[in-house]
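Here is a set of questions and answers on one protein chain. Keep the structure open while you read.

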Amino acid sequence: EYDVEVIIDGQSNHAIVNVVDTTAPKAEAKNIEWYIGNPLSPEHFVDHAFDYTKITYSFAEEPDWNKESQKVHVRLTDTSGNWSEYSCSLKLKPDTEAPSLYGVKDRYGYIGEAVSYFAEVFAEDNCDPDVKIEVDSNVNINVKGKYKVTYIATDASGNVTKKSCTFTLVDETVSDEKLHNE
C-alpha cells in the first residue's frame, strides 16, 4: 500500500493505492528426450521463464520416469501465488552409454607411502552426475614392484567402463629431509 497525495482543482487529497501482483509467470515449454530412470527437475521443461518475483517450479503430477512416452505438466508459481501451467512431451529411452573415465595413468610412488588412487581421476556420464568409481588393486605399499590397478566406473543405469594402469613402487633414494638440508 502506498499513501499518495492527489491534487484536484487545487485541493490536496490523500489516497491509498494498493498494488497487487495478478500476473502469472510466463515461459516457453520445451519437449524433452531423456533416459529411463533418471529424473529431471521441472525447470528442465521450460525456457525463458519470467516474472517480477521469484518463481517456484513444480510438476502438476510427478512423471513416471520409467514410462517411455507421456505428457508432463509443469507449474510455475510466483511469490504472490499466481501460477501458470505448461504441457510438454517427455520421451524416455534406455541409457546404454557407458561413463567415460579420465586421469587413469601409470604412476610412481615410494615404498611405505600412501597411494593416492583418485588423484586426477574422475568420471563423466551422459545422464548420471554422480558416477560411482571403484578401484580393484592389490598394491602392497610395503613391497617394491609394479602393480596393476583397475578403475571401474558405473552409472545409475548399470553401464560400466574399466581402465587399467600400473602403479610402480620404488625405494626412496633421497629423503625430503636430506634434499632440503644439503
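Q: Does Asp171 count as buried, partly exposed or exposed, and at what relative accessibility?
A: This is a predicted model, so the value is computed from predicted coordinates. Exposed would need over 50% relative accessible area, and buried would need under 20%. Asp171 falls in between, so it counts as partly exposed, at 42%.

Q: Which residue forms a salt bridge with Asp171?
A: Look for a Lys or Arg nitrogen within 4 Å of a carboxyl oxygen. The closest N and O atoms of this pair are 3.6 Å apart. The partner of Asp171 is Lys144.

Q: How many residues apart are Lys144 and Asp171?
A: Lys144 sits in the loop between β12 (132-137) and β13 (145-154). Asp171 sits in the loop between β14 and α1 (176-181). The pair links distant parts of the chain, 27 residues apart.

Q: Is Lys144 buried or exposed?
A: The cut-off for exposed is over 50%. Lys144 has a relative accessible area of 53%. That makes Lys144 exposed.

Q: How many salt bridges does the count come to?
A: Side chains of opposite charge can pair when their charged atoms come close. Lys144 with Asp171 is one such pair, and Glu120 with Lys105 is another. By the 4 Å rule, the count comes to five.

Q: Which residue forms a salt bridge with Glu120?
A: Glu120 is found in the loop between β10 (107-110) and β11 (122-124). Its partner lies in the loop between β9 (100-102) and β10, so the pair ties together parts that are 15 residues apart in sequence. The closest N and O atoms are 3.2 Å apart, and the partner is Lys105.

Q: Which of Glu120 and Lys105 counts as exposed, and which as partly exposed?
A: Over 50% relative accessible area is exposed. Lys105 is at 42%, so it counts as partly exposed. At 53%, the exposed one is Glu120.

Q: What is phi of Glu120?
A: Most residues other than glycine have a negative phi. Glu120 has a positive value. Its phi is near 70 degrees.

Q: What is phi of His48?
A: His48 belongs to strand β5 (residues 46-50). His48 is exposed, with a relative accessible area of 60%. Its phi is positive, in a residue other than glycine, and near 55 degrees.

Q: In what order do the four strands of the open sheet stand?
A: Strands of a sheet pair through backbone hydrogen bonds, either parallel or antiparallel. In this open sheet the pairing is mixed. β4 and β6 stand at the edges, each with a single partner strand, so one side of each is left without a neighbour in the sheet. The twist averages 35 degrees from one strand to the next. The order is β4-β8-β7-β6.

Q: Which residue in β7 stands opposite Ser58?
A: β6 and β7 pair in the antiparallel sense, over five bridges. Ser58 stands opposite a residue of β7, and that residue is Arg75.

Q: Which residue forms a salt bridge with Arg75?
A: The closest N and O atoms of the pair are 3.0 Å apart. Arg75 lies in strand β7 and its partner in strand β8, so the pair ties together parts that are ten residues apart in sequence. Arg75 is partly exposed, at 27%, and its partner is partly exposed, at 35%. The partner is Glu85.

Q: Which strand gives the most to the largest nonpolar core?
A: This core has 18 residues; Trp34, Phe45, Trp65, Val74, Leu76 and Leu90 have the most contacts inside it. β4 (32-35), β6 (55-59), β7 (69-78) and β8 (83-93) each supply at least two residues. With four residues, the strand that gives the most is β8.

Q: How many residues are in the other core, which lies apart from this one?
A: Among its members are Val104, Val121, Tyr147 and Ala153. This other core has 13 residues.

Q: Is Thr168 buried or exposed?
A: Thr168 lies in strand β14 (residues 160-170). Beyond its sequence neighbours up to four places away, Thr168 touches Arg107, Tyr108, Gly109, Gly145 and Lys146. Buried means under 20%. At 10% relative accessibility, Thr168 counts as buried.

Key:
Residues numbered from 1 in each chain as written. Predicted model: local features only at pLDDT ≥ 70, side-chain atom pairs only at ≥ 80, totals over all residues. Heavy atoms only, no water. Buried < 20%, exposed > 50% of the residue type's maximum accessible area, 1.4 Å probe, protein only. Contact = heavy atoms within 4.5 Å. Core = buried A, V, L, I, M, F, W, Y, C linked by side-chain atoms within 4.5 Å. Salt bridge = Lys/Arg side-chain N within 4 Å of Asp/Glu carboxyl O. Pairing = 2+ DSSP bridges. Axes fitted to C-alpha atoms, helices over the stretch in contact; angles between N-to-C directions.
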